[in-house]
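Trainee: Could we go through the pockets of this model together, so that I learn how each term is justified?
Mentor: Yes, let us set each value against its definition.

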Amino acid sequence: MSALFIADLHLSDHCPENTRAFLDLLAGLAREVDALYILGDLFEYWAGDDDRDTPLNREVGEALATLAAQGTRIGFIAGNRDFLVGEDFARDAGLNILADPTVLDLDGRRVLVTHGDNLCTDDHAYQAFRHQVRAPQWQRAFLARPLEERKLMIEGLRRHSETAKQEKALDIMDVNSAAVDALLRAHDYPTLIHGHTHRPAHHIHHVDGLACERWVLSDWRGTATWLHWDGAAFSPGP
Ligand code: LP5
Ligand code: MN
């Protein structure tokens, strides 16, 4: 089988280049693979499925649905920006929402996919925040607020996040290597693919005497970037 892995596109009206690049990918290369895996932060933020009718969200949803109808399976793992993507948008767009993490079988090779934020265990403020907003009860209460109020709250939080990041040491915003080791061990030493850190790389982790690959996907900065599986090997693109 063949597959494409992407993450951290942060689609919004503020970066039409990324939207264009994504629509081009969906109409082009993504049609030639068996599966497209979106590993979180497809959107700059997602306020709830009742926001899926904005021009951008509708265009993206329709383009994904067209790809799915044409035969490419689409797997979606939520990121810290778009964990409120729900069943309604998923159904419209033909997305299969996957648990974080999920083990894939790529031609007999075991590959673990995750957004990556839960590996940043040194970022205690973020992990406390994550714990709160991933709770179903918190999400129900948040989604019960009016859409415009939710968007204002998120924009306030985005500003807070940008300030908070400037005050954090760079290394606490990377994955913690003991957390990576523990995840690899718990899943029987697969290949790991994740995004979130915006530090594209191909690492080799030695865990318990075994060598495991860790691919870190790049964020998009006006052009498409991906990791391609051709049935036998990975290669970053373009
Ligand atoms: O996203 P990024 O790269 O800027 O930073 C992340 C972490 N920040 C976040 C927050 C997101 O940017 C915004 C989330 C949008 C989600 C929409 C869903 C609904 C939630 C609405 C809640 C009101 O994930 C950042 C990490 C960084 O990655 C690197 O890993 O460091 O973490 C933070 O900045 C979190 C802070 O450290 C702690 C936040 C405490 C919350 C304080 C509440 C203030 C609320 C103001 C709003 C009215
Ligand atoms: Mn992220």
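Trainee: How do you know how the lining of the largest pocket divides by class?
Mentor: In this predicted model, the lining of the largest pocket holds 16 nonpolar, seven polar and nine charged residues. Tyr counts as nonpolar, Arg as charged and Ser as polar, and so Tyr 126, Arg 158 and Ser 161, which are among the lining residues closest to the centre of the largest pocket, fall under those headings.

Trainee: Which element supplies the largest share of that lining?
Mentor: That element is α6, with nine residues.

Trainee: What takes up the space of the largest pocket?
Mentor: Ligand 1 does, and the largest pocket has a volume of about 880 Å³. In the shell around ligand 1, α6 again gives the largest share, ten residues.

Trainee: Why is the approach of Arg 81 to ligand 1 called a polar contact?
Mentor: A polar side-chain atom of Arg 81 lies 2.5 Å from an oxygen atom of ligand 1, and because the cut-off for a pair of N or O atoms is 3.5 Å, this pair qualifies. By the same cut-off, the pair formed with the side chain of Arg 158, at 2.7 Å, and the pair formed with the side chain of Lys 165, at 2.8 Å, are polar contacts too.

Trainee: How much of ligand 1 does the protein cover?
Mentor: The protein covers 83% of the 1100 Å² of accessible area that ligand 1 has on its own.

How values were computed
Residues are numbered from 1 along each chain as its sequence is written. Chains are lettered from A and ligands numbered from 1 in the order in which they are written. This is a predicted model: local features need pLDDT of at least 70, side-chain atom pairs count only at pLDDT 80 or more; totals for chains, interfaces and linings use all residues. Side-chain values use heavy atoms; hydrogens and water are left out. A polar contact is a pair of N or O atoms within 3.5 Å; within protein, one must be able to donate a hydrogen and the other to accept it, and residues adjacent in sequence count only if both atoms are side-chain atoms. Accessible areas come from the Shrake-Rupley method with a 1.4 Å probe; for residues, only the protein chains shown count as cover. On a 1 Å grid over the protein atoms alone, a cavity is a set of points where a 1.4 Å probe fits but cannot get out, and a pocket is an open set with protein on both sides within 12 Å along at least five of seven lines; lining residues have an atom within 4 Å of a point. A molecule sits in a cavity or pocket if more than half of its atoms lie within 2 Å of its grid points. Helices (H or I, at least four residues) and strands (E, at least two) are DSSP runs, numbered from the N terminus. Grid points are joined across faces, edges and corners, and a volume is the space filled by probe spheres set on the points.
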